[in-house]
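Please walk through this structure with the strands in view, then the helices around them, and last the side-chain contacts.

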Amino acid sequence: MRIFLAPMEGVVDHHMRHTLHAVKGKAHKSGIDLCVTEFVRVTEHTLPRKVFLRACPELSETGTYPVRVQLLGSNPETLASNAFKAAQLGAPAIDLNFGCPAKTVNKSRGGACLLDETGLLGEIVSAVREAVPAEIPVTAKIRLGYENREPYMKNALAIAAAGADELVVHARSKVDGYKPPAYWEYIADIRQALSIPVVANGEIWTLDDFIRCREVTGCEDFMLGRGLLAQPDLALQIKAYTAGETYLPLTWVDIAPLVHAFFLQTCDAYPRKYMGNRLKQWLHYLQRTYTEAQALFADIKQLRDRDPIDARLRRELHAP
């Protein structure tokens, strides 16, 4: 079983990937097996090296966790040339985004809107597969559809037939957004119809959610997004459960140093006027699991300067 960290645009950047991958369990192993970048938007040109390194600094680092480079666009030729460029830079795999529901993305003919163009999905996957060396996997992430869930199977079949090595399925349509439930039974249908690996994604917040998702979908691999942000050791909980091992979930005492380190990492990465915004964003998710995160968020939500935020975090580290 593999657990993927989802490519959440504007949320899971390299700082968050590093932070969550640093959560270690037995034998100092992370529960996350691989990550996927936020999408790299492709239009009509082959992008320069700096764009790929900005999205995936891990490409220039040694000994890091594996990170697939995700591309978003609708032009098969330029997606192919950019996939080749990313592979040259060391990307261990190329992922194609056919699932982003953002209005600005869809208006630019990217992401989930392409689920209404099954033929184009196949053309994109085929072009990228042909451009990328055979040893580099080409994968895709889809939703069940755009306006509705009707095209889920024909899209999945087209993507597999075009040469994709793996398919991640977010079990909602674009219109469904992120509202519960996730329609895991559709993933089960896709998994049974395809010969390539199918990765289940959507509404896995807890260990119990994972257990139900696995029962419904029959999948062996899973992608976690918001659930990992809310419980940074959720992947470890899942790995321990499937191995038949006892595991005690992390407490706030364990999480607080990660929160402080994440703040320090992100301080210089964004303009001063946005100081602490990424931390506050993460606390929004953490407060689902930890009441202490709710109190911390309330204390810093109006703060805009580094020193008072840092001071409040340091008090949290020494709280009884």
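Two strands count as paired if DSSP finds at least two bridges between them. The model shown here is predicted.

Start with strand β9, which covers residues 221–224. β1 and β9 run parallel and are joined by three bridges. One contact to look for is phenylalanine 4, whose bridge partner in β9 is methionine 223. β9 also pairs with strand β8 (residues 198–201), again in the parallel sense and over three bridges. Here valine 199 stands opposite aspartate 221 of β9. Between these strands the chain goes from β8 through α8 to β9, a β-α-β crossover that is right-handed. Which way do the side chains of β9 point? Asp221 and Met223 point one way, Phe222 and Leu224 point the other way, and all of them are buried.

Next, turn to strand β5 (residues 94–98). Five of its five residues are buried, so the strand is largely enclosed by the rest of the structure. Ile94, Leu96 and Phe98 lie on one side of β5, Asp95 and Asn97 on the other, and both faces are covered. Strand β4 (residues 67–72) runs parallel to β5 and is joined to it by three bridges. Within this pairing, valine 69 has isoleucine 94 of β5 as its bridge partner. The connection is of the β-α-β kind: β4, helix α3 (residues 76–88) and β5 form a right-handed unit. β5 also pairs with strand β6 (residues 138–143), in the parallel sense and over five bridges. There, phenylalanine 98 has isoleucine 142 of β6 as its bridge partner.

Helix α10 (residues 234–243) has several buried residues: Leu234, Ala235, Leu236, Gln237, Ile238 and Ala240. What covers them? The cover includes the strands β1 (3–5) and β9, together with the helices α8 (207–217) and α9 (226–230). Just after α10 comes glycine 244, with a positive phi of about 70°.

The aromatic side chains come next. A pair of aromatic rings is described by the distance of the centres and the angle of the planes. Five aromatic pairs turn up in a search of the whole structure. In one of them, tryptophan 252 and tyrosine 290 have ring centres 5.7 Å apart and planes at 50°, so this pair is tilted. Tryptophan 252 belongs to helix α11 (residues 252–267) and tyrosine 290 to the loop between α12 (277–286) and α13 (291–300), so the pair links distant parts of the chain, 38 residues apart. Tryptophan 252 is buried at 7% relative accessibility, and tyrosine 290 is buried with a relative accessible area of 6%.

Another pair is formed by phenylalanine 262 and tryptophan 282. Their ring centres are 5.2 Å apart and their planes stand at 70°, so the pair is edge-to-face. Because phenylalanine 262 lies in helix α11 and tryptophan 282 in helix α12, the pair ties together parts 20 residues apart in sequence. Phenylalanine 262 and tryptophan 282 are both buried.

Tyr152, Tyr183 and Tyr186 make up one aromatic cluster. The ring of tyrosine 183 also has the charged end of arginine 149 over it, 3.8 Å from the ring centre. A similar arrangement places arginine 288 over the face of tryptophan 205, at 3.6 Å from the ring centre.

Finally, consider the charged pairs. The whole structure holds 18 salt bridges. In one, glutamate 166 meets arginine 2, with the closest N and O atoms 2.3 Å apart. Glutamate 166 lies in strand β7 (residues 166–170) and arginine 2 in the segment before β1, so this pair ties together parts that are 164 residues apart in sequence. Glutamate 166 is buried at 4% relative accessibility, whereas arginine 2 is partly exposed at 25%. Arg2 and Glu166 are also linked with Arg68 and Asp221 in a network of salt bridges.

Lysine 26 and glutamate 245 form another salt bridge, at 3.4 Å from N to O. Lysine 26 sits in the loop between α1 (14–21) and β2 (34–36) and glutamate 245 in the loop between α10 and α11, so the pair ties together parts 219 residues apart in sequence. Is lysine 26 buried or exposed? At 64% relative accessibility, lysine 26 is exposed, while glutamate 245 is partly exposed at 35%.

Key: Residues are numbered from 1 along each chain as its sequence is written. This is a predicted model: local features need pLDDT of at least 70, side-chain atom pairs count only at pLDDT 80 or more; totals for chains, interfaces and linings use all residues. Side-chain values use heavy atoms; hydrogens and water are left out. Rings of Phe, Tyr and Trp (its six-membered ring) pair if their centres lie within 6.5 Å; planes under 30 degrees apart count as stacked, over 60 as edge-to-face and the rest as tilted. Helices (H or I, at least four residues) and strands (E, at least two) are DSSP runs, numbered from the N terminus. Buried means under 20% relative accessible area, exposed over 50%, partly exposed in between (1.4 Å probe, protein chains only). A charge sits over a ring if NZ of Lys or CZ of Arg is within 6 Å of the ring centre and within 35 degrees of the ring normal. Contact means heavy atoms within 4.5 Å. A crossover is right-handed if, with the strands pointing away from the viewer, the path from the first strand over the helix to the second runs clockwise. A salt bridge is a side-chain nitrogen of Lys or Arg within 4 Å of a carboxyl oxygen of Asp or Glu.
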